[in-house]
Amino acid sequence: MALVTKSIKGTQDTLPSESYKIQFVEQSVLEIAKNYGYKEIRVPVFEHTELFQRGVGDTTDVVQKEMYTFEDKGGRSITLRPEGTAGVVRSYIEHGLFNEAQPQKVCYLISCYRYEKPQAGRLREFHQFGCECFGTASPAADAELISLVNDIFAFLDVKNLKIQINSIGCPECRKNYHKALQEYFESKKDELCGTCLGRLERNPMRILDCKSPVCSEIAKDAPKVTDYLCDECHDHFQKVQQYLDAMNIPYEVNPSIVRGLDYYTKTVFEFVSTEIGAQGTVCGGGRYDGLVEEIGGNHTPALGFAMGMERLLLLMQAQGIEFPPEAKCDLYIASMGENATLKASQIASDVRGNGMHAQFDIVGRSVKAQMKYANKIGAAYTVVLGDSEIEAGVAKVKNMADGSETEMKIDDIAEEIMRLSINDSLKGFEVEGLDISTLM
Ligand code: HAM
């Protein structure tokens, strides 16, 4: 296939026949987040490279190996966002969102870009739904955030996800932990990859999520961060667990979760599946109390998460979860001749004015071809208009599900279609002894 008719490796299209699924998921997550007080924020696809170097951390895999960075025509170094948090924090500072009610809760649906090796559930362009909550240091906020993610998966009927939580402490406890890690990895220095050798001095915790098989094998026996927590971080972690218990949210403490980005402090968490292959982390997040300050704002405790939309859809498909059916065409108006087509355009416009879906012939095809199209798009009702129908002012509307036909005044069709459609949708909710036609 020619280069220009093939999408770039690691990217994928969402085709019209599939898009209703992602639309349903997007609407659901926004709605659930709204119930927790989150409002949508939209931020640019690209930012100054330095934002991610400082925010995500310049010893992370994301910054060292995976960013799409280029110089623009003005000579600035620009990066396509590899994740959403850094840009949202930048926006929080730039627009003084700290002056609004705190905690400030924002959510986003974004595309992200990482130059990773593509495989199932791992793309170079992927999509995230994320939430960020600014201005609270309370462990209740950590638990509320995990509860929000849990509600999303429950609403979507996604099962068997393990919630794994950990605490990676604050910069104070991190000092002792780093020392312990350096001692441990120093003794294995000869086996570490080149990138991890560089990390040994500056940020030994990053070795813990190196993707090289040798480094990850060595990392398995490394000291655990939970053994180095200061009293405050230990207490915070205990309280997060108390809140989760109080909300009946099942979780596991997994001391090896360190996350792949540098900004985390205290609580980190992941929602992990074993049903979609190696890339099983569907959602990840945690607290980042130092990030706002790191990027140039005032000290602001904050926390958030992001879930990968492609991984979520893969999982929903693997579990055979049914999506609510796509809204179908309510009425297709077939027409013969110009007069009839003009009338058809008017009826279609009236039906749409009532908030319903109508189509008529905009190609100039035979009635037979029009009806074939109506069938393909799954029209619920059809009507054929010709000169004789226009003259009589009456036409037969056909119910495509049972083949029955009803004669209607052409001028009443828009209203009648609305009545019939409501009637059809109520049929699933029949109550014994109640005649639904009396409700109409
Ligand atoms: P992350 O763990 O790097 O965290 O990404 C979050 C989620 O995005 C992952 O759990 C995964 O589902 C999805 N994801 C990541 N990389 C890929 C990829 N290459 N292909 C497909 N899906 C992918 C963050 O991005 C943080 N900003 C989350 C956060 C928000 N923490 C605090 N606030």
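In this predicted model, the side chains of serine 111 and tyrosine 113 are joined by a polar contact of 2.9 Å. Serine 111 belongs to strand β5, which runs over residues 104-113. With a relative accessible area of 12%, serine 111 falls under the 20% cut-off and so counts as buried. Setting aside residues up to four places away in sequence, serine 111 touches Val45, Arg81, Glu125, Phe126 and His127.

A second serine makes a similar starting point further along the chain. Serine 335 sits in strand β12, residues 331-335, and is buried too, at a relative accessible area of 3%. The side chain of serine 335 pairs with that of threonine 341 through a polar contact of 2.9 Å. Beyond the neighbours within four places in sequence, the contacts of serine 335 are Ala340, Thr341, Ala344, Asp361, Val367, Gln370 and Leu385.

One of those contacts, Gln370, leads on to helix α13. This helix covers residues 367-376, and its buried residues are Gln370, Met371 and Ala374. They take up an arc of only 95° around the axis, so they sit on the same side of α13. What do these buried residues of α13 pack against? The partners are β12 and β14, the latter made of residues 381-385. The face of α13 turned away from the buried side looks quite unlike this, with Lys368, Lys372, Asn375 and Lys376 exposed there. After α13 comes glycine 378, which has a positive phi, near 70°.

Then there is the ligand. Its surroundings amount to 26 residues, and the closest of them are Glu83, Glu116, Glu132, Arg259 and Tyr264. Three pairs of atoms at 2.9 Å can be picked out. A nitrogen atom of the ligand lies 2.9 Å from a backbone N or O atom of leucine 123. The side chain of tyrosine 263 places an N or O atom 2.9 Å from a nitrogen atom of the ligand. On the oxygen side, a ligand oxygen atom is 2.9 Å from a backbone N or O atom of threonine 281. On its own the ligand has 650 Å² of accessible area, and the protein covers 96% of that. Which strand gives the largest share of the shell around the ligand? That is β10, with five residues. At least two residues of the shell come from each of β6 (125-134), β10 and β11 (302-308).

Strand β10 turns up again around helix α9. Among the elements covering the buried residues of α9 are α5 (139-155), β7 (162-167), α6 (171-186), β8 (252-253), β9 (265-272) and β10 (281-287). The buried residues themselves are Cys233, His236, Phe237, Val240, Gln241 and Leu244. Their arc around the axis is only 135°, which puts them on the same side of α9. Facing away from that buried side are the exposed residues Asp231, Glu232, Gln242 and Ala246. The length of α9 checks out as well: at 1.5 Å a residue, its 16 residues (231-246) should span 22 Å, and the end C-alpha atoms are indeed 22 Å apart. Asparagine 248 follows α9 and has a positive phi, near 60°.

Helix α6, one of the elements over α9, also serves as a partner for helix α7. The buried residues of α7 pack against α3 (61-66), α6 and α8 (213-219). Which residues of α7 are these? In this helix of residues 194-202, the buried ones are Cys196, Arg199 and Leu200. They span an arc of only 115° around the axis and therefore lie on the same side of α7. Gly194, Glu201 and Arg202 are exposed on the other side.

Finally, the loop between α5 and β7 holds aspartate 157. Is aspartate 157 buried, exposed or partly exposed? Its relative accessibility is 41%, and partly exposed means between 20% and 50%, so aspartate 157 counts as partly exposed. Not counting residues up to four places away in sequence, aspartate 157 touches Gln319 and Ile321. Aspartate 157 and isoleucine 321 are 164 residues apart along the chain, yet their C-alpha atoms are separated by 7.1 Å.

Technical notes
Residues are numbered from 1 along each chain as its sequence is written. This is a predicted model: local features need pLDDT of at least 70, side-chain atom pairs count only at pLDDT 80 or more; totals for chains, interfaces and linings use all residues. Side-chain values use heavy atoms; hydrogens and water are left out. Helices (H or I, at least four residues) and strands (E, at least two) are DSSP runs, numbered from the N terminus. The expected span of a helix is 1.5 Å times one less than its number of residues. Buried means under 20% relative accessible area, exposed over 50%, partly exposed in between (1.4 Å probe, protein chains only). The arc is that of the directions from the helix axis to the C-beta atoms. Contact means heavy atoms within 4.5 Å. A residue is near a molecule or strand if one of its heavy atoms lies within 4 Å of it. A polar contact is a pair of N or O atoms within 3.5 Å; within protein, one must be able to donate a hydrogen and the other to accept it, and residues adjacent in sequence count only if both atoms are side-chain atoms. Accessible areas come from the Shrake-Rupley method with a 1.4 Å probe; for residues, only the protein chains shown count as cover.
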